[in-house]
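This report introduces a single protein chain to a reader who has not met it before. Please look over the sequence and the model shown here before reading on.

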Amino acid sequence: MKRFSLNVIVLALVTMAVFTYSCRNPMGQQPIKEAPTQGNIRISVDESFQLLFDTQLYTFQSLYENARITPAYKPEADVISDFMNDSVRTVVLTRDLTQQEKNYLLARNFIPRTTKVAHDALALIVNPMNKDTILLESQFADILKGKITTWKQLNSASPDKSINVVFDNNKSGNVRYFRDKFSLSGNFPANCFAVNSNQEVMNYVKNNPSALGIVSVNWISDEHDSITVGFLKSVKVVEIGNANTAYCKPYQGYIAEGSYPFCRDVYMITRETFSGLGKGFIAFVAGDQGQRIVRRSGLVPATMPLRLIEVHRD
């Protein structure tokens, strides 16, 4: 009788323990405490760098199986909005925060930390049927100012057709970059418009002989990526020159030495107040392995040297 009572008590204690554990964690797994290499977070990334950060995230999460980072690829303005309204703690942008944005965060006891992780550039692309594959920087500025509107104005042998300039998104960093660079205000000319992504720009240019598209180099620079390889078969990259440099395409070497005129930097910014997964991922991208991925993608690493080989043109 005593043995039976003891068995009942033991069974009751075991059942209670299992029930308590199940209520605390219904999936049967211990919750993962967030740290630099583990946890579950969301980040917002400028859509221009989807190809690069898909690879960075895949590699990082393969190395750290308890890390789960869900990216949202968006135009620059939406990435900034996510960061400022507490939707995410870590973002990827082509500009640092403004002083006003920093002050807003500081007033709420957040100290944003910015890390430069790559050097990027904006490429101009045209349809394969278009024979105008060189432009002066000043000519492109005049196109955006509405002073040049047809291909014939650039080359008397070209057809008298409108230059249809296509951006990735009205809220993108690509649009903001050229507004800042050429001190543009107000609306772009009627022959300039935006679609929804860099990928849509590539598709539009592929199907429209009079188009002039603007995309991040990341979408055309990674020769190991099947998407990039496919796009490069259907568009041509324009060479850009100015009074100080020869015409050149946005290759790594020209971006690194500053010969290509439309260069910019890539930043990762976090507002984490502790050593969380966002900081861990930034450290990875800025570290040796992450920078090797940057270099392999065709962009220029920001924290490791890039070996340049001089090639003389005939």
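## Strand pairing around S4

In which sense do S4 and strand S12 pair, and over how many bridges? S4 and strand S12, the latter spanning residues 300–301, pair in the antiparallel sense, with two bridges between them. In S12, Val-300 is the bridge partner of His-119. The model in which this pairing appears is a predicted one.

S4 takes in residues 113–126, and its pairing with strand S11 (residues 263–270) is antiparallel over eight bridges. Within that pairing, Ala-121 has Cys-263 in S11 as its bridge partner. Strand S8, residues 211–216, also runs antiparallel to S4 and is joined to S4 by five bridges. For strand S9 (residues 236–237), two bridges make the link to S4, again in an antiparallel arrangement. Ile-125 takes part in bridges to both of these strands: Gly-213 is its partner in S8, and Val-237 in S9 stands opposite Ile-125.

## Aromatic pairs

The structure contains 15 aromatic pairs. One of them joins Phe-60 and Tyr-64, whose ring centres are 5.0 Å apart and whose planes meet at 55 degrees, a tilted arrangement. The two residues can also be described by their accessibility. Phe-60 has a relative accessible area of 1% and is buried, whereas Tyr-64, at 31%, is partly exposed.

Phe-60 also pairs with Phe-281. Here the centres are 5.3 Å apart and the planes stand at 65 degrees; the pair counts as edge-to-face because this angle is over 60 degrees. Phe-60 lies in helix H2 (residues 50–63) and Phe-281 in helix H11 (residues 277–286), so the pair links distant parts of the chain, 221 residues apart. Phe-281 is buried, with a relative accessibility of 1%.

Elsewhere, ring pairs connect Phe-140, Tyr-177, Phe-178, Phe-182, Tyr-260 and Phe-262 into a cluster.

## A charge over two rings

Which rings lie beneath the charged end of Arg-271? One is the ring of Phe-83, whose centre is 5.6 Å from that charged end. The other is the ring of Phe-110, over which the charged end of Arg-271 sits at 3.9 Å from the centre.

## Cysteines

A disulfide is a covalent bond that joins the sulfur atoms of two cysteines. How many disulfides are counted in this model? The count is zero.

Cys-248 illustrates why no bond is assigned to it. The closest cysteine sulfur to that of Cys-248 belongs to Cys-263 and is 8.2 Å away, which is too far for a bond because a disulfide requires sulfur atoms within 2.5 Å. Cys-263 is also the residue in S11 that partners Ala-121. Cys-248 is buried, at 2% relative accessibility. Cys-192 is likewise buried, with a relative accessible area of 12%.

## Confidence in the model

For the protein chain, the mean pLDDT is 89, and 87% of the residues reach 70 or more. Residues 13–28 have a pLDDT below 50. Apart from near neighbours in sequence, this stretch has six contacts in the model.

Note on methods. Residues numbered from 1 in each chain as written. Predicted model: local features only at pLDDT ≥ 70, side-chain atom pairs only at ≥ 80, totals over all residues. Heavy atoms only, no water. Phe/Tyr/Trp six-rings, centres within 6.5 Å; stacked < 30°, edge-to-face > 60°. Buried < 20%, exposed > 50% of the residue type's maximum accessible area, 1.4 Å probe, protein only. Helix = DSSP H or I, 4+ residues; strand = E, 2+ residues; numbered from the N terminus. Lys NZ or Arg CZ within 6 Å of the ring centre and 35° of its normal. Pairing = 2+ DSSP bridges. pLDDT = per-residue confidence, 0-100. Contact = heavy atoms within 4.5 Å.
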